[in-house]
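Visitor: I'd like to zoom in on one part of this model and see how it sits among its neighbours. Please start with one residue and work outwards from there.

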Amino acid sequence: MNTDGVIRYRLAHAREPLPASVGALVLALDAWRWRLWQARLIGQDGVRYGGVGWGNVSGRVDGPSFLITGTQTGGLEHTDERHYALVETCEGSSQRGGVKSRGLIEPSSEAMSHAAVYAALPSARFVFHVHAPELWREAGRLELAKTPDGVEYGTVAMAEAVGELAWRTGAAGVLVMAGHEDGVIAWGQSAQEAGEMILEAHEAARLSPE
């Protein structure tokens, strides 16, 4: 059974409206999410991944807290405050991780990986997770960092691997989640920086090597 998109961490979620103060961040995230959705790097259809939606975006709010698209929102063309969760804390252990959040929807199954980037890099303000088959396959040719093959999405082990690679890479970068089919993560100090890095790497992957 395809379990992509299933939350695998312990979640303490308060189902309530988000504060009005996150409105500007929602608009910034949706603008870039729409571009990634148009490129089919975020989405949902009845064929890929058993019909489960893919891709999510987040932006830091303050300290360790960040706003992230909710679980199974990949098929939406546009998002608003109803489609985001505010992750307030994220803690990992050797067995399972725990996330505390609030919003009208539960956070994406990849919330822990986003949290790991923010924890590793205080300068990171945005993290985008997409599914890009060509980019995922061409990671070696493009010399992109990769998490270990056996590390699965949504787990503490994946979060730890992503955080370590992000720290090694620096303030902005792109990495491939080898154990998560087609999964790619990019981060930066602005939404534009993170988004353009993904689009540029995706275009490079689509071009035939010389």
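Guide: Let's start with A205, which touches E134, L135, E138, R141 and L142, leaving aside residues up to four places away in sequence. Touching, or contact, here means heavy atoms within 4.5 Å. Keep in mind that this is a predicted model: local features need pLDDT of at least 70, side-chain atom pairs count only at pLDDT 80 or more, and totals for chains, interfaces and linings use all residues. Residues are numbered from 1 along each chain as its sequence is written, and side-chain values use heavy atoms, with hydrogens and water left out.

Back to A205, which belongs to helix α5, covering residues 191-206. Helices (H or I, at least four residues) and strands (E, at least two) are DSSP runs, numbered from the N terminus. One of the contacts of A205 shows how the chain brings remote stretches together: A205 and R141 are 64 residues apart in sequence, while their C-alpha atoms are 8.4 Å apart in space. A205 counts as buried because its relative accessibility is 7%; the cut-off for buried is under 20% relative accessible area, with exposed over 50% and partly exposed in between (1.4 Å probe, protein chains only).

Now hop over to G43, which sits in the loop between α1 and β2. G43 has 0% relative accessibility, so this residue counts as buried too. Its contacts are W37, G53, W54, G74 and G75, again without residues up to four places away in sequence. Take W54 from that list: 11 residues separate G43 from W54 in sequence, and 5.5 Å separates them in space, C-alpha to C-alpha.

Follow the chain from that loop and you get to β2. Because 5 of the 7 residues of β2 are buried, the strand is largely enclosed by the rest of the structure. β2 has a partner on each side in the strand order β1-β5-β4-β3-β2-β6-β9-β8-β7, an open sheet of 9 strands with mixed pairing. At its ends are the edge strands β1 (10-15) and β7 (145-146), each pairing on one side only. Two strands pair if DSSP finds at least two bridges between them.

Here's how β2 uses its neighbours. It runs antiparallel to β6, joined by 4 bridges, and it also pairs with β3 in the antiparallel sense over 4 bridges. G59 is a handy marker: it stands opposite F126 in β6, and its bridge partner in β3 is L67. β2 and β3 make a hairpin with 2 residues between them, and G63 in the turn has a positive phi of about 55°.

Further along the sheet, β8 (residues 173-176) pairs with β9 (residues 183-188), antiparallel, over 4 bridges. There, L175 has I185 in β9 as its bridge partner.

Helices lie across these strands as well. Helix α1 (residues 23-38) lies across β2 (56-62), β3 (65-69), β4 (84-91) and β6 (126-131). Helix α4 (residues 156-169) lies across β7, β8 and β9.

One last stop is helix α2, residues 111-120, which is mostly covered, with 8 of its 10 residues buried. Those buried in α2 are A111, M112, S113, H114, A115, A116, V117 and Y118.

Methods:
Axes fitted to C-alpha atoms, helices over the stretch in contact; angles between N-to-C directions.
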